[in-house]
Amino acid sequence: MTVNVNQGVLKRAVGIGLTAVMGVGLLAGCSSDSKTNTATGSTASPTESAERVTLKVEIFDRGNSPAPYTITNNYLSQLIQTNFGDPNNIDVEFVPVQRSEEVTKLNVLMASNTDVPDIVFTYDSSVFYRYAQQGGLTDVGALIDEYGPNLKKFIGEDTLAFGQLDGQQFSIPGKRAITGRYSSYIRQDWLDKLGLPVPTTTDELYTTLKAFKEKDPGGLGSKNIPMGMALAPAQFETLIYSFMKPISGELTYSQRYELPLHEGFKDAMQFLNKLYNEGLISKDFSLDEDKTQLAKDIQNGNVGYWSEDVDVLFYADGTLDNLYKNVQGSKVQPVDVLTNANVDNKHIKSRYASNGMYIMIPKSSKRAVEAVKYLDWMATGNNLIDIYSGVEGENYDLIDGIPVVKADVAQEFADRLFNAGDTAIISNSKNLGDQATNEKAWISGFPERNQEALKQSIAIANTDTIGPIVFGKPIEAESQYGTTLNDKLAVIIVKTAMVKPDQFETVYEQEMKDYMSLGGDKLKAELEKALTEIPAQ
Amino acid sequence: MLLCPVFLHRRRLTLSKASYFRRYWQLYALLSLPLIYFLIFRYGPMYGVQIAFKDFNLFKGIGGSEWIGFDAFREVFGMREFYSTLRNTFMLNFLDLIISFPAPIILAIMLYEIKSVWFKKISQTILYIPHFISWVIIGGIVYQLFGNQSGMVNGVLESMGLNTIPFLTEKNPWLITYLFTGVWQSAGWGTILYLAALTGINRELFEAAEVDGATRLKKIRYITLPSIKPTIVTLLILNLGKMVSIGFDRPYIIGNTAVREYSDVLSTFVYRIGLESGQYTLATVVGLFQAVVGLIFILGSNYISKKVTGNGIL
Amino acid sequence: MMSERTSNRIFDIVNIACVTLFVLFCLAPFLHVIAVSLSSNRAITSGEVTIFPIEVNWNAYIQVFTNNAMIRSLIFTIILTVATTVLCMLFTIAAAYPLTKSKLKGRMLFMYVIIITMFFSGGIIPEYLLIRDLHMIDSVWSLILPGLVSPFNLIILISFFNNIPPSLEESAEIDGSSHFRTLMSIVLPLSMPVMATLALFYAVGRWNGFQDSLMYINNPDLYPLQLKLFQMVQNNMVSELTQMEGASRTALTPESLKAATVIFATVPILLVYPWLQKYFVSGVMLGAVKG
């Protein structure tokens, strides 16, 4: 009896499914006729088929396409086809690559030779260098000079240097609008309750944390976390940077796993060890690599002081909004506390390099000219604003020449720009002019209630920053040992933090010896050699 | 159990070539399609193993890259990480073999002993749910449950005035957590095959045993277990073949930095050198090593099993 | 000594108690995911949600069910799974049955050919090139054909076929039945439980698999459901590389939407097993042997 019913249901379900798919198929058939960016579209009109070419462009797929758009056919892809493709007799076709699997897929596409898009990109410098060294990339130096004047002007010589290998321009680095990275925060209401001033040095911070721990201003008992910590760069990098000595002036080695090669690294670990053993930081920080637990603790009002990426707290319904909702009377103040004794007690912290992703044209591409033209088009006139900000009056209002996101933008309009950041590959965030202008535009996209705090936060992130040294050539040891050493760095931090203070010395020595033998010594030697060969700047 | 000795004795027929073909052509015809599949889709790409002996360049392709002989093997066998990850892979797989392999067998027998049909069906359906929850989500739940400060289990221990247990950050507690999540995730799913095997038991055997006054445990020991022995042996051999290979997600997600020296396994090692550092050649060498060892293990255990139990996979 | 009845009773009670406990363990995380899918984001990110939803709302489900691409992907995945399972079963049976015949010449060779593929493979790049050369990029066949026969499932099927009393097949052969007919009329009917199991293995494998679609599928209309789920869960993870996105990072998918998608993508396949359970009927083989 039940058996029959089940079969009936299944048959019906399959029937519905089939009709639905056929329906979908019909729809897809219809829409592909109207789509301008498919290959069939061009063959349908024989008059122009002779010269019309297809330009294939990689696009990150994050699975967040809002209906009715897809990652390959959406407002922006249509905009690009209409404004760039059609006038130039080019069909722009987007090739989706899953964000988290980009390198795997890119490797396979590169190896296939035939299926690789004409424009590919990655944020990973070692991937770029590997492709360049193996001879897989087009030198676009001359092409940019000929077809990309606007592009060249937009990116600028300094940033273009990131894409060079042995003087050849094997990639076009995107330009980064905001280089500020980290800021720190303190619970003002906790300070007020204890009648304490805002700490301004590392020592004062320690005293304040001690007070948070002993006097428990939040009345939290065992949940009290004086300083929020996670095994993530925003937390441990800020701490390490405030102890280490930069390699040269305001520049230092660019990779995170190169931090142990700096003078002062040990002091940072020792300080962390002290904080951990005195119960001043999150006990479970070693498990919290994606900062989920930290965000939870902050929102529940359990954390007194912490560092974060400059923007993370301030999104609508984000960490800060939730904290204020969960804890009556709470108040968060952006602060710049940690001081570096090695650098005149400045508030040393890291900043981003001025480049974004590495945009590359594979050697097998026959559309290198069109590819450069495309990037040049993007850098021309109002096009970048059209991509990043949408339509004036619908998505944004122009205030003092800055496109300010409308507070009450309709969902339908907002959906247009779901992949704006991934489409505007030449620009990491909105590049409108100088850094201050870019920041203003960026801040305008946040809820008004958080804008003032974000502004302060950005100001802190821009203070006393240390940037990366550009060697203009790959460091072999980086691509060979980078991932291993990155894992090792995490192990060093966790082990040396969690060990009893009297064993700190032994464990630290042991772990550093390990680090060195896993490739750290080769890396050190190569970096130091490269340093001497660097042309005087 | 099922085989009556009389039938085990097959008739011996000597056949001429023509009559052999007449008798067996249908079998070859049946076999031909799957064989073509294996040749095209499994052996077709097999030339890729030569990457292990080449300085692989993505753009020159496999054919165009230069031969380097056994250089890459020397490099891999000289890496300390290779041995530590191999050791961990063995250790985790061995513990799994002792704990996680018998778990579905026990669970299947327990289910088989349940008389209430509806209870049995509902439990089976729920037991296999964890198999469908991805490791990323399981990882999140495990941290919520077993963290030191925030974990619920330790919260309960603390409120009872007991010491907290570092389930995730110290070696032995972590191993138990690792094994437990494995059993939890796969035991229910693993019962399915045993339940299928258990349907083959002749119910009359139980009735006969009951007349003889056998207890429930005796019946399990002498009727239930022997009847699924071939299935157990088959799965055991297949499992032994996987002793040096290990899934990526479970050790990676349940593992963490504090226990990295135990949770770092061959698959995470391969991921690091192959994918993240782009050293395809080294990754292929490790893969080849795993394949050879796996093949030796499966053929060896099959050989031993045939001698000892009479069952095997070949 | 206690009576046999009492000891039986105790056995049953202990047994049911143990199974119930394990069932509850298995159910709890699933309830947690359901609870998350129904809770407000504030409650989720504050860590208040356990197995009961807090600040209940259905927004996440409304979002999933009103997303046409999601529904289309569900239907596509169902059809893909059914087609894959049918083809896989046909091929696996076709391979397994001849390999149970000990007198088949070349049997051992074939077995080795198959077992070797359990360990050796060409790797991701040659596999991609093969699929491209067969013109199967962006075609459903790329998701069906490469995994047509699982050596693991094949060996299990062979081992079950081997357990069928040879007498049955031989008597059929004496009656002049062809191999093909013996397979259809004796072997397969006797093997329904294992066939149902393997069909489930193939179906679940296809349903949960998405790695192949990462490589072979560029057309968003042919994304299997699990790929969409993977995108949501994985693409949101903060990694070394997403660090570099800096100020151009995109907003994260809300946890509740992720959880609702998990439920949406899991429940259909969970329903397959209860339906297959009717093939797990005891004593089928017994009747046949006795008859």
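Between chain A and chain C there are 15 residue pairs in polar contact, both residues of each pair being at pLDDT 80 or more. Salt bridges are another story: the count between chain A and chain C is zero. Keep in mind that this is a predicted model. On the chain A side, five elements each chip in at least two residues to the surface touching chain C, namely α1 (2–34), β2 (90–98), α5 (102–112), α14 (292–299) and α15 (319–326). The top contributor is α1(A), which gives nine residues. Sorted by residue class, this side of chain A comes out as 23 nonpolar, 17 polar and 16 charged. Put in terms of contacts, 56 residues of chain A meet 43 residues of chain C. The size of an interface is often given as the accessible area lost when the parts come together. For chain A and chain C, that buried area is about 4400 Å², with carbon and sulfur atoms accounting for 55% of it.

Now for the other side of the story, chain C with chain B. Here 100 residues from chain C and 89 residues from chain B take part in the contact. About 9000 Å² is buried between these two chains, and carbon and sulfur atoms give 75% of that area. Two salt bridges are counted between chain C and chain B. One of them links K115(B) to D12(C), with the closest N and O atoms 3.4 Å apart. As for polar contacts, 18 residue pairs turn up across this interface, again with both residues at pLDDT 80 or more. Helix α1 of chain C, covering residues 4–38, supplies the largest share of the chain C side that touches chain B, with 17 residues. That side of chain C splits into 69 nonpolar, 22 polar and nine charged residues.

Chain B also comes with some annotation. An unreviewed UniProt entry lists "transmembrane region" for residues 21–40, 90–114, 126–146, 175–201, 222–241 and 280–299 of chain B. What does the model show over two of these stretches? Residues 21–40 of chain B are 100% helix and 0% strand, and the C-alpha atoms at the two ends sit 26 Å apart. Residues 175–201 of chain B are 89% helix and 0% strand, with 37 Å between the end C-alpha atoms.

Back in chain A, two residues are worth a look. Y374(A) belongs to helix α16, which runs over residues 368–379 of chain A. Is Y374(A) buried or exposed? Y374(A) counts as buried because its relative accessibility is 0%, below the 20% cut-off. Leaving out residues up to four places away in sequence, Y374(A) touches L55(A), V57(A), I80(A), F84(A), F94(A), I119(A) and T423(A). Take F84(A) from that list: F84(A) and Y374(A) are 290 residues apart along the sequence, yet their C-alpha atoms are 7.2 Å apart in space.

The other residue is S444(A), found in the loop between α20 (435–443) and α21 (448–461) of chain A. With a relative accessibility of 14%, S444(A) is also under the 20% limit, so S444(A) counts as buried too. A polar atom of the S444(A) side chain lies 2.7 Å from the backbone oxygen of A441(A). Setting aside neighbours within four places in sequence, S444(A) is in contact with P403(A), V404(A), V405(A) and Q451(A).

Technical notes:
Residues numbered from 1 in each chain as written. Chains lettered and ligands numbered in written order. Predicted model: local features only at pLDDT ≥ 70, side-chain atom pairs only at ≥ 80, totals over all residues. Heavy atoms only, no water. Contact = heavy atoms within 4.5 Å. Buried area = accessible area lost by both parts, 1.4 Å probe. Salt bridge = Lys/Arg side-chain N within 4 Å of Asp/Glu carboxyl O. Polar contact = N/O pair within 3.5 Å; in protein donor to acceptor, adjacent residues only side chain to side chain. Helix = DSSP H or I, 4+ residues; strand = E, 2+ residues; numbered from the N terminus. Nonpolar A, V, L, I, M, F, W, Y, C, P; charged D, E, K, R; others polar. UniProt positions renumbered as here; feature names shortened; annotations may be inferred. Buried < 20%, exposed > 50% of the residue type's maximum accessible area, 1.4 Å probe, protein only.
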